[in-house]
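Subject: Structure handover

Hello,

Here is the structure I said I would pass on. My notes on it follow below the display, and you may want to keep the two side by side.

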Amino acid sequence: MVFVCHDAPGQDTGHLSSARILDRDDGVGILLDTFLDFHRAYYFYSNPLGVQTDAIYTEGLGYDFSFDTLWHNSGQLTKDGYIVFFAIPFKSLRFSKAPNQTWGVALYRVILRKSEFDYWPYITQRVEGITQQFAPVAGPENVSPGRNIQLIPYGLLASDHFLNQPTQPNLAGVIPPPDFRTVSSTARGWMRNFVAKGALTFDITLNPDFSQVESDDPQVTINQRFAVFFPEKRPFFIENAGFFSTPIDLFFSRQMRTRNLADA
C-alpha cells in the first residue's frame, strides 16, 4: 500500500524519534477489522519519515499499544508533501480461513498544524463507535494466516565477588577473619507464542526472564504514602494486556515474582 500525501513545501512535520511521541507528527495510518466483527481492529501508523507504530483498537477501550508485530514501511519527503509505503505480511494478522474474505478497512491522514484528521470512508462522531463505519472491502481469496510461531529463548550467567565478614563464631568459638567469596548463578528459559487456529493463540513460558527489558523512568517519591507504579515492559505480560484493562487497575503483573527452587 502506498500513501501519496500532497501539501505545501516544508509544511509536513516528522521527526526521527520514539514511536511513543508520534502524536507530534503528521502521518498516515490504516485500520483493519479482519474478522468484520465491528469490535476490534488492527492499527498501523507511520509518520512522513517512516517511524512506525502499531496497536489493537477495541471499541470502548481505545488503543492498546502493547501490541507489537512485524511489518514493513518507509517514508520519504517530497517537494510537495511525502510518500509512505506499507507492507503488512499475512502472518502478522489473524483472520478466518474462509475462502472469500471481507474485511473492514479505514484509511486516514493526520495534518497536525490544522488539527485535521481525514478518514476514508467518512467517519463521524455523531455515530457511536468507529469500526462499524469502516468500508467493507473484499479481501484476498484462498489465503491462510499460517502458523505464526515465535520462540524467544534466553540465558543468564552472573558472578558476584564480595567481602564476607562473619559475625557468628565457629565451632571453636572463634569468629573467622573476613575473606572474599565468589558466588556464581545461571538461569535459562524461553517464551513461545503461536497461532493455533484463527483467533486462537497460545502464550507459553518456562522460567521467563523477569528482569526488565529497559530501565524504569525515575519517579519522585517525596511525601508519598502510596506504592510507586512502574509500567510493565516484559514481553510475556504485555501481549494482549488490553483484555485485563479495567477503569481501576485490579491486576498488576509486576507484583508477580518467581522463587528459585534452590532456595526452597
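Two salt bridges are present in the structure, which is a predicted model. One of them pairs D7 with R109, where the closest N and O atoms are 3.8 Å apart. This pair connects distant parts of the chain, since D7 sits in the loop between strand 1 and strand 2 while R109 belongs to strand 8, 102 residues apart. Both D7 and R109 are buried.

The other salt bridge is formed by the side chains of D7 and R113, at 2.8 Å from N to O. R113 is in the loop between strand 8 and strand 9 (116-120) and D7 is in the loop between strand 1 and strand 2, so this pair ties together parts that are 106 residues apart in sequence. Through shared partners, the salt bridges join D7, R109 and R113 into one network.

Are D7 and R113 buried or exposed? The relative accessible area of D7 is 15%. Buried means under 20%, so D7 counts as buried. R113 has a relative accessibility of 39% and therefore counts as partly exposed, because that class lies between the 20% limit for buried and the 50% limit for exposed.

Next, the overall make-up. The protein has 13 strands and one helix. Along the sequence the pattern is β-β-β-β-β-β-β-β-β-β-β-β-β-α, so you will meet the helix at the end of the pattern, after the strands. Of the 264 residues in the protein, 31% are buried. The exposed area is about 17600 Å², and carbon and sulfur atoms supply 57% of it. Among contacts with a separation of 6 or more, 55% are between residues 24 or more positions apart.

One sheet is worth tracing on the model. It is an open sheet of three strands in the order 1-7-6, and the pairing is antiparallel. Strand 1 (2-6) and strand 6 are its edge strands, each pairing on one side only. On average, neighbouring strands of this sheet are turned by 10 degrees against each other, direction ignored.

Within that sheet, strand 6 (residues 72-78) and strand 7 (residues 81-87) pair in the antiparallel sense over seven bridges. A hairpin through two residues joins strand 6 to strand 7. To follow the pairing, start from H72, whose bridge partner in strand 7 is A87. Then find G75, which stands opposite V84 in strand 7.

Last, the nonpolar cores. Which residues have the most contacts inside the largest nonpolar core? They are V28, L32, Y42, F44, F86 and L93, in a core of 17 residues. Strand 1, strand 2 (27-33), strand 3 (40-46), strand 7 and strand 8 (100-111) are the elements that give two or more residues to this core.

V28 is a useful residue to select on screen. Leaving out residues up to four places away in sequence, V28 touches F3, C5, F44, Y45, S46, Y82, V84, F86, Y108 and R109. R109 in this list is also a salt-bridge partner of D7, and V84 is the residue opposite G75. There is also a second, separate core of twelve residues, which includes L31, Y43, A106 and Y108.

Regards

Note on methods. Residues numbered from 1 in each chain as written. Predicted model: local features only at pLDDT ≥ 70, side-chain atom pairs only at ≥ 80, totals over all residues. Heavy atoms only, no water. Pairing = 2+ DSSP bridges. Helix = DSSP H or I, 4+ residues; strand = E, 2+ residues; numbered from the N terminus. Axes fitted to C-alpha atoms, helices over the stretch in contact; angles between N-to-C directions. Core = buried A, V, L, I, M, F, W, Y, C linked by side-chain atoms within 4.5 Å. Buried < 20%, exposed > 50% of the residue type's maximum accessible area, 1.4 Å probe, protein only. Contact = heavy atoms within 4.5 Å. Areas by Shrake-Rupley, 256 points an atom, 1.4 Å probe, with all protein chains shown as cover. Salt bridge = Lys/Arg side-chain N within 4 Å of Asp/Glu carboxyl O.
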